[in-house]
Amino acid sequence: MYSKDDPIEPPQGSFQLKNQIWDLEILLKIQHFLWKAVSGALSTFVQMCSRGININPICQRCCLEEETINHVLFLCLHAFATWRCSGLPLHGIQSTDLEQNIAELFNMLHRRNIPSSISKLSFWLIWYILKSRNEFLLAQRNVHPMEDVKRAMDRNEEWNNTFVSARVNVVRQVRNSKWEPPPVGWLKCNFDSSFRREDKIGGIGWIVRDEKGHFLKAGMVIQENVTSPLQAEALAFLFALQQIWINGWRRVWFEGGSSELARIINTVVQDHACLGNILYDIRHWMSKLTSCSLDSVNRERNMDADVLSKRIVGVNDNVVVYNSPPLWLVYYLYWPYTT
Ligand SMILES: [Zn+2]
C-alpha cells in the first residue's frame, strides 16, 4: 500500500536519453528495447539475482564478468568483437555506464563524417547483439560476431530502402491500385478534396489506418471560399495534419490525391501564389510531426478519402468525425479487398 508520505521515486534512466529514443526513426520494437534497457527493465542474470532468483550472475558467454545489460550490449567480448567487426568509428562505447554508451550511439547520428545511410546501423547492431545473446542462452547457438554484423547491415539497408527513401524529396507516383498499409510502427492517413467552382465550396475527407489496415478514425469537413482544386487539396492536407496532431499520432505516412501538391511540398517550394499562407501553415504542422511523409497516389488507392470529400458537400453538417466506419464507407474502406 502506498501512503501519501512515501517518497515518489523518479523513474530510472535519463529523461533526455529516453526522449531521444522515442524520437529515433527506427522499428518500434528497437525503441522499446532501448527504452527498457535505459529504464533497467531488461532481464539479465544480475537483475534476476537482485529479485531473489537463485542463479549465477556471471555472463555465460565470456565467463569473466557479471551479466549486466551494459555488459551484454557493450563490454562482453562478443559484443566488443561485434562492434569492432562493424567498422563503425565508435570510440566511446566501452564505458561502465550504460547510458553513456547508448548516448554515444546517438552522437553518431549527427557526426558529419558518417554517411546517413549507416548512421543508424549501430541501433540494428545493438539489437542483434541482444538477440544473439538470447539465441546463445535459449538455443545454445553461438552466432559469430560477423554474422550479427551482416544481419544488422542487411536490416539497415532494407530500412533505408523502404522508409528513408519515402522522405527523400521526390514524388513517387504509385501506379498500383491497391491501398497498402504503412510499415510497422507507422500510421497511414489518406486525404482528398473536392471542389465546387460555382460557390467556391471545398470538401475534405481524411481517414487514418494502422499497419494492419485497421480503421482508427475518419472525418469530413466543408471549407468555404476555396479558389482552386489545388487550394482545396492543400487545405485537406493541412486539416489532416491538424487532426493527426490533435489525436496524438506522430508517425504518419500521408497519401493525397494530388501529385502537384506532393511536388510542391516535397521540393521545398517556399512560396506559391495560389497557396500563399496555407503552405506556411502546412510546413509549420509538418515540422511538429518529425516523422511524416507525403506521397500522391491514384484515385483507386485513395478511394475512401475521395468519397468522404465528395459526400460532405451533399450533407447538412459542416464537420463530421467517425470513430468507427459508417456502413456506406465500409465498401470503399476495404476496396479492393472486397472484390
Ligand atoms: Zn560476457
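Student: In what order do the six strands of the open sheet stand?
Tutor: The model is a predicted one. Its six strands form an open sheet with mixed pairing. Read across the sheet, the order is 5-4-1-2-3-6.

Student: Which strands stand at the edges of the sheet?
Tutor: An edge strand has a single partner strand, so one of its sides has no neighbour in the sheet. Two strands fit this: strand 5 (291–296) and strand 6 (319–322).

Student: What is the average twist from one strand to the next, and which helix packs on strand 1, strand 2, strand 3 and strand 4?
Tutor: From one strand to the next, the twist averages 15°. The helix touching strand 1 (187–196), strand 2, strand 3 and strand 4 (251–256) covers residues 229–246, and its direction makes about 145° with that of strand 1. This is helix 9.

Student: Which other helix lies across strand 1, strand 2 and strand 3?
Tutor: The helix in question covers residues 303–311. It runs at about 145° to strand 2 and is helix 12.

Student: Is strand 1 mostly buried or exposed?
Tutor: A residue counts as buried if 20 or more other C-beta atoms lie within 10 Å of its own. Nine of the ten residues of strand 1 meet this, so the rest of the structure largely encloses the strand. Strand 1 is mostly buried.

Student: How many bridges join strand 1 to strand 2, and how many join strand 1 to strand 4?
Tutor: Strand 1 and strand 2 run antiparallel, and Cys-189 has Val-208 as its bridge partner in strand 2. Strand 1 and strand 4 run parallel, with Asn-190 opposite Glu-255. The counts are nine bridges to strand 2 and four to strand 4.

Student: Which residue in the turn between strand 1 and strand 2 has a positive phi?
Tutor: Strand 1 and strand 2 form a hairpin, with four residues between them. In that turn a phi of about 55° belongs to Lys-200.

Student: Which residue in strand 3 stands opposite Gly-205?
Tutor: Strand 2 (residues 201–209) and strand 3 (residues 215–223) run antiparallel and are joined by eight bridges. Opposite Gly-205 in strand 3 stands Met-220.

Student: Which helix gives the largest share of the largest nonpolar core?
Tutor: This core has 41 residues, and those with the most contacts inside it include Cys-189, Phe-191, Trp-206 and Ala-236. Trp-206 is itself in contact with Cys-189, Phe-191 and Ala-236, among others. The largest share, ten residues, comes from helix 9.

Student: How far apart are the end C-alpha atoms of helix 7?
Tutor: Helix 7 (residues 121–139) has 19 residues, and at 1.5 Å a residue it should span 27 Å. The distance in the model agrees with this: 26 Å.

Student: Which residue with a positive phi follows helix 7, and is this residue buried or exposed?
Tutor: Most residues other than glycine have a negative phi. The residue in the loop between helix 7 and helix 8 (145–167) has a phi of about 50° although it is not a glycine. With 7 C-beta neighbours inside 10 Å, this residue counts as exposed; it is Gln-140.

Student: Where is Cys-63, and is it buried or exposed?
Tutor: Cys-63 has a positive phi of about 55° although it is not a glycine. Its place is in the loop between helix 3 (45–50) and helix 4 (69–75). With 10 other C-beta atoms within 10 Å, Cys-63 is exposed.

Conventions. Residues are numbered from 1 along each chain as its sequence is written. This is a predicted model: local features need pLDDT of at least 70, side-chain atom pairs count only at pLDDT 80 or more; totals for chains, interfaces and linings use all residues. Two strands pair if DSSP finds at least two bridges between them. Axes are lines fitted to C-alpha atoms, for helices over the stretch in contact, and angles run from 0 to 180 degrees between N-to-C directions. Two residues are in contact if their C-beta atoms, placed from the backbone, lie within 7 Å. A nonpolar core is a set of buried Ala, Val, Leu, Ile, Met, Phe, Trp, Tyr and Cys residues joined through C-beta atoms within 7 Å. A residue is buried if 20 or more other C-beta atoms lie within 10 Å of its own, exposed if 12 or fewer, and partly exposed in between; C-beta atoms are placed from the backbone. The expected span of a helix is 1.5 Å times one less than its number of residues. Lists of a residue's contacts leave out its neighbours within four places in sequence.
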